[in-house]
Amino acid sequence: MLSLLIVGAIVAAIALGYLTRINIGLFAIALAYVIGSFVMGMKPSEVINLWPLKLFFIIFSVCLFYSFAIVNGTLEKLAEHMMYRCRNVPHFLPYAIFGAATLISALGAGYYTVLAFMAPITILLCARTGLSLIIGGMSVNYGALAGANFVSSQSGIIFRGLMTASGVPESTAFINGIGIFLSTAVIPLIVISGFVFLAGNKRAMADAMSHVEAPKPLNRDQRITLLLTLIMMAVVLAPPIAALVAPDNALIGYVNARIDIGLVASVFAVIALLLKLGDERKAIASVPWGTLIMICGVGMLIAIAMKAGTIDLLASWISGSIPPVLVPVVFGVIAAMMSLFASTLGVVTPALFPVVMPIAQTLSIDPMIIFISIVVGAQATSISPFSSGGSLILGSCPSEESRTVLFPKLLFRAAPLGFVVALVFNLALAFIF
């Protein structure tokens with residue numbers, strides 16, 4: 001009965017957030033307090049301690065540092081340069097959009113930020129070059145997702161944090177994170193290639209692209225910001241990779257045990273402030289506070305579910321009802337359905353990741369396969385106009401008329417296509433591995 005109440009609370013938080021447009025995390029915090037204190041008998045301080053402090057700190061610190069590249073225009077300028085380089089090979093424009101979005105997102109801008117400033121550019125390019133809105137929209141959405149899934153970028157950090165909170169060791173979570181990034185980077189290349197080689201508008205695109213103007217070079221602040229970003233990525237990524245290559249080396253193990261991406265990002269944020277690479281208030285304002293509240297709020301409600309045994313109950317039901325080989329596929333489908341209306345980072349993965357380890361241990365499945373299937377499934381339908389990606393792309397349209405035209409294309413063509421490709425990928429993943 002208690003588990004049923006908690007599952008109902010999770011569904012209610014999502015539904016209320018969707019209907020009222022109020023942050024789902026706030027509903028989740030309120031429901032966690034009511035259920036935790038008045039149904040389960042927990043002290044208020046115990047409920048407050050369920051706030052995922054470590055995850056909050058990591059996301060805040062990393063986003064604060066990366067926000068300097070946003071406020072001083074470094075990432076936007078990089079996107080302009082990549083588009084310009086593509087002017088002589090117009091049929092590669094979808095790859096350029098995907099590549100630019102992936103690179104900038106991987107450099108730390110994150111999914112929402114990249115989509116917010118690259119979607120309007122993409123819509124404009126589609127209008128000028130004759131590139132299909134579906135191809136352009138899927139290219140920028142896939143790129144923003146894939147780059148953000150990189151292990152040192154926003155979504156990748158969140159996935160790793162959720163995995164370690166579910167009992168996965170740090171080093172294994174790092175490897176799983178690489179698996180998620182590679183999977184979500186390969187799928188778009190297959191989809192985009194299908195579009196490119198089936199489309200017949202290369203000539204019109206070539207004529208239009210010949211008039212693209214050269215962007216201005218990066219200024220002093222933008223060059224230093226880019227250099228700092230690359231150095232920080234090297235500092236964060238080199239020790240764990242070296243530890244995988246030489247696991248018995250004591251020095252590498254010592255350094256790797258003391259590298260924390262949140263603390264490293266804090267140091268680099270201070271350096272950026274001392275070098276005056278951006279306005280402090282604007283940088284802090286650029287931190288995605290809404291996403292942070294949603295992830296941590298839902299995390300509190302999920303922690304209540306774990307304390308009540310709901311997660312173990314759900315894992316037990318799935319283990320006894322679904323053939324093991326189809327478990328990753330089913331998780332992918334559930335994630336895709338949830339993602340039609342809810343955030344992958346704020347709702348889908350915080351709700352599904354805690355179930356993975358108990359099921360994987362019971363059915364002897366590699367947990368990485370299930371983690372990948374969940375993310376691939378969830379992100380397959382993120383271009384739906386009801387989800388965050390699709391709504392941002394729709395919001396980038398210059399007129400109500402163009403929004404009206406694009407809406408059914410995203411809902412009835414882009415989202416179903418993404419879902420089918422993700423389903424095939426997850427089936428291959430489940431049966432091959």
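In this predicted model, Ser-155 is a buried residue, with a relative accessibility of 3%. Ser-155 belongs to helix 9, and its contacts, leaving aside residues up to four places away in sequence, are with Ala-148, Asn-149 and Leu-345. The 3% figure falls under the 20% limit for burial, so Ser-155 is classed as buried rather than partly exposed.

Helix 9, the helix that holds Ser-155, also leads on to the largest pocket. Helix 9 spans residues 154-165 and gives the most to the lining of this pocket, with six residues. The pocket holds about 810 Å³ of space. Its lining comprises 31 residues, and those closest to the centre are Lys-54, Arg-160, Gly-161, Thr-164 and Glu-170. Two or more lining residues come from each of helix 4, helix 9, helix 10, helix 12 (220-245), helix 16 (289-308) and helix 19. In composition, the lining divides into 21 nonpolar, six polar and four charged residues.

Two of the residues closest to the pocket centre, Lys-54 and Glu-170, meet again in a salt bridge. Side chains of opposite charge can pair when their charged atoms come close. Here the closest N and O atoms of Glu-170 and Lys-54 are 3.3 Å apart, and the pair counts as a salt bridge because that distance is within the 4 Å cut-off. Glu-170 lies in helix 10 (residues 170-198) and Lys-54 in helix 4 (residues 53-71), so this salt bridge ties together parts that are 116 residues apart in sequence. Glu-170 itself is partly exposed, at a relative accessible area of 45%.

How many salt bridges does the model contain? The count comes to two. Besides the pair of Glu-170 and Lys-54, there is a salt bridge between Arg-220 and Asp-221, whose closest N and O atoms are 2.5 Å apart. Both partners are partly exposed: Arg-220 has a relative accessibility of 41%, and Asp-221 has one of 23%.

Attention turns next to the nonpolar interior. In soluble globular proteins, nonpolar side chains tend to be buried together. The largest nonpolar core in this model has 108 residues, of which Val-327, Phe-331, Ile-370 and Ile-393 touch the most other members. For Val-327, the contacts beyond four places in sequence are Ile-318, Ile-322, Ile-359, Leu-363, Ile-365 and Ile-370. Ile-370 thus appears both as a contact of Val-327 and among the core residues that touch the most other members. Apart from the largest core lies another, of 23 residues, including Ala-32, Met-294, Val-298 and Ile-304.

The backbone offers two further points of interest. Most residues other than glycine have a negative phi, and most peptide bonds are trans. Arg-21, although not a glycine, has a positive phi of about 65°. Arg-21 sits in the loop between helix 1 (2-20) and helix 2 (24-39) and is exposed, with a relative accessible area of 66%. Ser-364 likewise has a positive phi without being a glycine, at about 55°. The loop that carries Ser-364 runs between helix 19 (344-363) and helix 20 (367-380). Is Ser-364 buried or exposed? At 67% relative accessibility, Ser-364 counts as exposed, whereas Ser-155, at 3%, is buried.

Terms used: Residues are numbered from 1 along each chain as its sequence is written. This is a predicted model: local features need pLDDT of at least 70, side-chain atom pairs count only at pLDDT 80 or more; totals for chains, interfaces and linings use all residues. Side-chain values use heavy atoms; hydrogens and water are left out. A salt bridge is a side-chain nitrogen of Lys or Arg within 4 Å of a carboxyl oxygen of Asp or Glu. Helices (H or I, at least four residues) and strands (E, at least two) are DSSP runs, numbered from the N terminus. Buried means under 20% relative accessible area, exposed over 50%, partly exposed in between (1.4 Å probe, protein chains only). On a 1 Å grid over the protein atoms alone, a cavity is a set of points where a 1.4 Å probe fits but cannot get out, and a pocket is an open set with protein on both sides within 12 Å along at least five of seven lines; lining residues have an atom within 4 Å of a point. Grid points are joined across faces, edges and corners, and a volume is the space filled by probe spheres set on the points. Ala, Val, Leu, Ile, Met, Phe, Trp, Tyr, Cys and Pro count as nonpolar, Asp, Glu, Lys and Arg as charged, and the others, Gly among them, as polar. Contact means heavy atoms within 4.5 Å. A nonpolar core is a set of buried Ala, Val, Leu, Ile, Met, Phe, Trp, Tyr and Cys residues joined through side-chain atoms within 4.5 Å.
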